[in-house]
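Good morning, colleagues. I would like to take a few minutes to go through one structure with you. Please look at the display before I begin.

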Amino acid sequence: MAILVQFAIGLIFGLGLIVSGMSNPAKVLNFLDIGGIAAGTWDASLAFVMAGAVAVTFVGFGRVLKRARPFFADRFYLPTRRDIDARIVAGPAIFGVGWGLVGFCPGPALTALGFGSLSAVIFVVAMCAGMVLARFIAHLPSLARYVTPADPLET
């Protein structure tokens with residue numbers, strides 16, 4: 001049953017990405033191009049999409065975390081670390097630069113694969129290669145004090 005619920009949630013998320021235009025890199029790049037404000041070419045519609053997502057997440061997390069446990073797990077798995085390290089700063093910075101350069105982030109890129117988009121295929125291949133490279137680098141002894149692999153979830 002859990003897998004069907006997860007599939008339905010993923011399907012709704014993917015449809016939301018398509019309807020909102022997040023799977024169209026041109027729309028995303030027009031939103032990120034704040035230089036287009038003066039020229040009148042800036043597309044502010046994704047700001048409303050993001051505001052709606054933040055509002056739903058804020059309300060949803062507030063309600064869900066009041067439960068004793070999740071529907072399909074024994075307990076909630078929440079981060080316990082509160083410090084800010086290099087990974088916390090570098091990760092979002094790399095994500096933002098990549099999003100700004102190509103107009104894709106992982107979710108919309110996977111959605112765009114369904115349209116047969118060559119740019120989405122290239123992005124997803126590069127994203128997977130980057131994940132493999134990051135894991136490799138994280139395990140190099142010479143960089144162990146600078147980069148560490150992601151902390152495993154508590155079990």
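Which residues does Thr111 touch, not counting residues up to four places away in sequence? I should say at the outset that this is a predicted model. The partners of Thr111 are Gly14, Leu17, Ile18 and Ser23. Thr111 itself sits in helix 6, which spans residues 106-113. Its relative accessible area is 15%, and Thr111 is therefore buried, the limit being under 20%.

Leu17, which Thr111 touches, brings me to the nonpolar cores. The largest of these has seven residues. Leu17 is one of them, and the others are Met22, Val28, Phe31, Leu46, Trp99 and Cys105. Apart from it lies another core, of six residues, including Ala109, Ala120, Phe123 and Val124.

Within the largest core, let me single out Phe31. If we leave aside its neighbours within four places in sequence, Phe31 is in contact with Trp42, Asp43, Ala44, Leu46, Ala47 and Met50. Leu46 thus appears in this contact list and is also a member of the largest core.

Cys105, another member of that core, leads to the matter of disulfides. In general terms, a disulfide is a covalent bond between the sulfur atoms of two cysteines. How many disulfides does the count come to? The count is zero. Why does Cys105 form no such bond? The closest cysteine sulfur to that of Cys105 belongs to Cys128 and is 14 Å away, which is too far for a bond; the cut-off is within 2.5 Å. Seen from Cys128, the closest cysteine sulfur is that of Cys105, again at 14 Å and too far for a bond. As for their surroundings, Cys105 counts as buried, because its relative accessibility is 12%, whereas Cys128, at 36%, counts as partly exposed.

I turn finally to the pocket. The largest pocket has a volume of about 970 Å³. Two elements give two or more residues to its lining: helix 1, residues 2-20, and helix 4, residues 45-64. Which of the elements provides the largest share of the lining? That is helix 4, with 10 residues. In total, 28 residues line the largest pocket, and those nearest its centre are Ile9, Thr57, Gly60, Phe61 and Val64. Sorted by class, the lining comprises 20 nonpolar, six polar and two charged residues.

That concludes my presentation. Thank you for your attention.

Definitions and conventions: Residues numbered from 1 in each chain as written. Predicted model: local features only at pLDDT ≥ 70, side-chain atom pairs only at ≥ 80, totals over all residues. Heavy atoms only, no water. 1 Å grid on protein atoms, 1.4 Å probe; cavity = no way out; pocket = protein on both sides within 12 Å on 5 of 7 lines; lining within 4 Å. Points joined across faces, edges and corners; volume = space filled by probe spheres on them. Helix = DSSP H or I, 4+ residues; strand = E, 2+ residues; numbered from the N terminus. Nonpolar A, V, L, I, M, F, W, Y, C, P; charged D, E, K, R; others polar. Core = buried A, V, L, I, M, F, W, Y, C linked by side-chain atoms within 4.5 Å. Buried < 20%, exposed > 50% of the residue type's maximum accessible area, 1.4 Å probe, protein only. Contact = heavy atoms within 4.5 Å.
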